[in-house]
Structure formats: C-alpha cells, structure tokens
Amino acid sequence: MKILSIQSSVAYGHVGNSAAAFPLQRLGHEVWPVLTVHFSNHTGYGAWRGPLLAPADVAEVIAGIADRGVLGSADAVLSGYQGDPAMGAVILDAVDKVKAANSDAVYCCDPVMGDEGRGMFVRPGIPEYMRDIVVPRADIITPNQFELDFLAGRRTNSLAEVLEAVDVVRETGPRHVLVTSVLHGDLPVGSLEVVAVSDEGAWAVTTPLLPINPNGGGDVTAALYLAHLWTTGSPATALERTIASVFAVLEATLAAGTREIQLIVAQAAIAEPPASFTARRLR
C-alpha cells in the first residue's frame with residue numbers, strides 16, 4: 001500500500017506517526033507521514049517541547065505531495081488525534097483530493113476523543129466535530145468502547161449492545177468499525193475484547209487484560225488494521241493479525257517496565273503476526 005498518514009510526531013517514544021509509520025513500513029508498505037505536531041515526547045508525561053504546526057502549514061505539505069502528481073497512487077489516508085476543526089478540515093480536504101484521484105482509496109480514522117476512566121480529553125467541541133463531520137466521511141474507524149458509546153449516543157454494557165451501537169454508527173457512513181478495549185458483563189475476569197464489524201459480519205477476539213495502558217497503542221492498532229484489512233480483504237483475519245501484533249508489543253512493553261511501547265523490540269511480531277488469537281464470528 002501507499003498510505004498518506006496525517007498525524008502527530010514525537011522525537012522520543014512512539015505515538016501518532018511515530019507509532020504508525022514503522023509498523024506499516026515493517027509490513028512492506030509505503031508511508032507518507034505528514035506531521036501535525038512535532039513534540040519532544042507525548043503529552044502523557046505532562047511536559048513536552050516543540051511546535052504545534054498550523055493547519056495552513058500542514059495543507060502546504062500535502063499540496064507539495066500533490067505537486068509531485070502522486071496523490072492518485074495513494075491507497076489510503078490515515079488520521080488519528082485532531083486537535084481542532086481547522087486541522088480536521090485539512091485532513092478531510094486531503095481525503096477528498098486522494099479519492100478524487102483514486103476512487104478505490106479509503107479513509108481510516110481513529111476518532112481519538114477519550115477513554116473509560118479519563119473521560120473526554122480533547123478540547124470542547126472536538127467530540128461533536130468528530131461525530132458529526134469526520135466519522136461520516138470515513139470508510140474505516142477504530143474507536144475504543146468509550147468513544148463508540150459517544151458516537152452512538154448510548155451506553156454499552158453487553159456485547160449485544162456494542163453491536164447495536166456499531167450498527168448505529170455504521171448507518172452514518174463508515175462500513176468497517178474496529179472497537180477496541182471492549183469490556184462487558186459476559187467476559188471472564190481479567191479479559192477484554194476487540195470487535196470488528198463490516199458488511200460481511202462481525203467478529204471478536206478475546207485477550208488477557210494486561211496491567212498496562214501506554215500511549216500509542218491505539219495508533220498502532222489503527223495502522224495495522226488498515227494494512228491487514230487492505231491486504232487480506234478479511235475483517236476476521238485483519239482482526240486476528242492486528243491483535244496478535246499489538247498484544248506482543250504490549251507484552252514486550254510490560255516486560256521492559258517502560259511507558260513507551262516497544263515497537264522495535266517486538267518488530268518480528270509485527271512483520272509476522274503470531275497465530276496467538278482466533279476471531280469468533282458473532283453474526
């Protein structure tokens with residue numbers, strides 16, 4: 001694939017493009033990283049340095065890529081955290097340009113807004129912008145359960161309710177939905193699920209719940225699911241391969257005792273996802 005990835009970047013650690021680009025490249029895909037910020041480290045540390053790029057500057061970078069006459073060869077646009085509607089507009093404009101040049105191209109959006117236990121951590125107005133403007137334009141979205149609940153306007157406490165919420169969101173536009181960090185009453189203690197839904201059906205993978213929640217895991221998950229879905233055409237296979245690789249990365253991170261995900265240490269499990277988990281069909 002050739003992927004236009006419009007995300008943040010950090011010099012130290014792995015979030016945004018600094019989390020997404022390497023796994024995609026390790027799988028053999030071409031990545032065109034467009035940076036929305038370039039920070040010293042992710043904001044989870046509470047202190048960081050570096051520039052927040054202006055939307056006009058980001059648009060100029062994308063225009064420069066267009067000048068090379070290559071946007072039509074892009075297979076996908078990938079985006080994550082969007083700090084304000086002006087940046088979102090730049091991303092959606094890039095999606096329009098890529099799709100105008102290549103009707104088979106897809107837009108994969110990780111609608112970063114918040115998380116269970118933390119609530120919304122983006123600026124006021126961003127969740128509504130993501131729900132009403134961005135998500136309906138996406139082909140693939142990768143929300144966590146908390147974000148899914150907001151997008152669907154309901155609280156999910158069972159797997160059936162998660163699937164109902166996904167159906168509500170899919171009616172707004174995106175055909176593929178990957179829901180991460182799913183917890184519900186039917187799960188064994190110490191487990192969580194990841195659920196994939198498409199026109200072809202719905203599947204879930206159950207994994208142990210590791211005592212770790214590092215920054216960047218969602219960025220890796222979105223990138224890998226996009227890549228595996230594109231190359232295999234199978235949501236179930238994409239789900240299995242993505243979760244196998246991400247779980248290996250998280251295990252390596254836990255073993256290292258660091259808050260930075262261990263992409264380099266676990267790169268073999270990215271390039272060749274182990275057969276760690278089997279997706280079960282839900283419908």
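Visitor: How many residues does helix H8 have, and how far does H8 reach from its first C-alpha to its last?

Guide: In general, an α-helix has 3.6 residues a turn, so residues three or four places apart point the same way. Helix H8 (residues 235-256) has 22 residues and spans 31 Å between its first and last C-alpha, close to the 32 Å expected at 1.5 Å a residue. The expected span is 1.5 Å times one less than the number of residues. Helices (H or I, at least four residues) and strands (E, at least two) are DSSP runs, numbered from the N terminus. After H8 comes Gly257, with a positive phi near 65 degrees.

Visitor: On what basis should these features be read?

Guide: This is a predicted model, in which local features need pLDDT of at least 70 and side-chain atom pairs count only at pLDDT 80 or more, while totals for chains, interfaces and linings use all residues. Residues are numbered from 1 along each chain as its sequence is written, and side-chain values use heavy atoms, with hydrogens and water left out.

Visitor: In what order do the nine strands of the open sheet lie?

Guide: Strands of a sheet pair through backbone hydrogen bonds, either parallel or antiparallel. Here the order is E2-E1-E3-E4-E7-E8-E9-E10-E11, with mixed pairing; two strands pair if DSSP finds at least two bridges between them. Strands E2 (30-39) and E11 (280-281) are the edges, each pairing on one side only.

Visitor: Which strands pair with E4 in the parallel sense?

Guide: Strand E3 (residues 76-79) does so over four bridges, and strand E7 (residues 140-141) over two. Cys109 of E4 is the bridge partner of Ser79 and also of Ile141 in E7. E3, H3 and E4 form a right-handed β-α-β unit: with the strands pointing away from the viewer, the path from the first strand over the helix to the second runs clockwise.

Visitor: Are the two faces of strand E4 covered or open?

Guide: In a regular strand the side chains alternate between the two faces of the sheet. In E4 (residues 106-109), Val106 and Cys108 on one side and Tyr107 and Cys109 on the other are all buried, that is, under 20% relative accessible area with a 1.4 Å probe, protein chains only (exposed is over 50%, partly exposed in between).

Visitor: Which residues touch the most other members of the largest nonpolar core?

Guide: Nonpolar side chains tend to be buried together in soluble globular proteins. A nonpolar core is a set of buried Ala, Val, Leu, Ile, Met, Phe, Trp, Tyr and Cys residues joined through side-chain atoms within 4.5 Å. In the 45-residue core, they are Leu4, Ile6, Tyr107, Ile141 and Val195. Helix H3 (residues 85-101) gives the most to this core, with seven residues.
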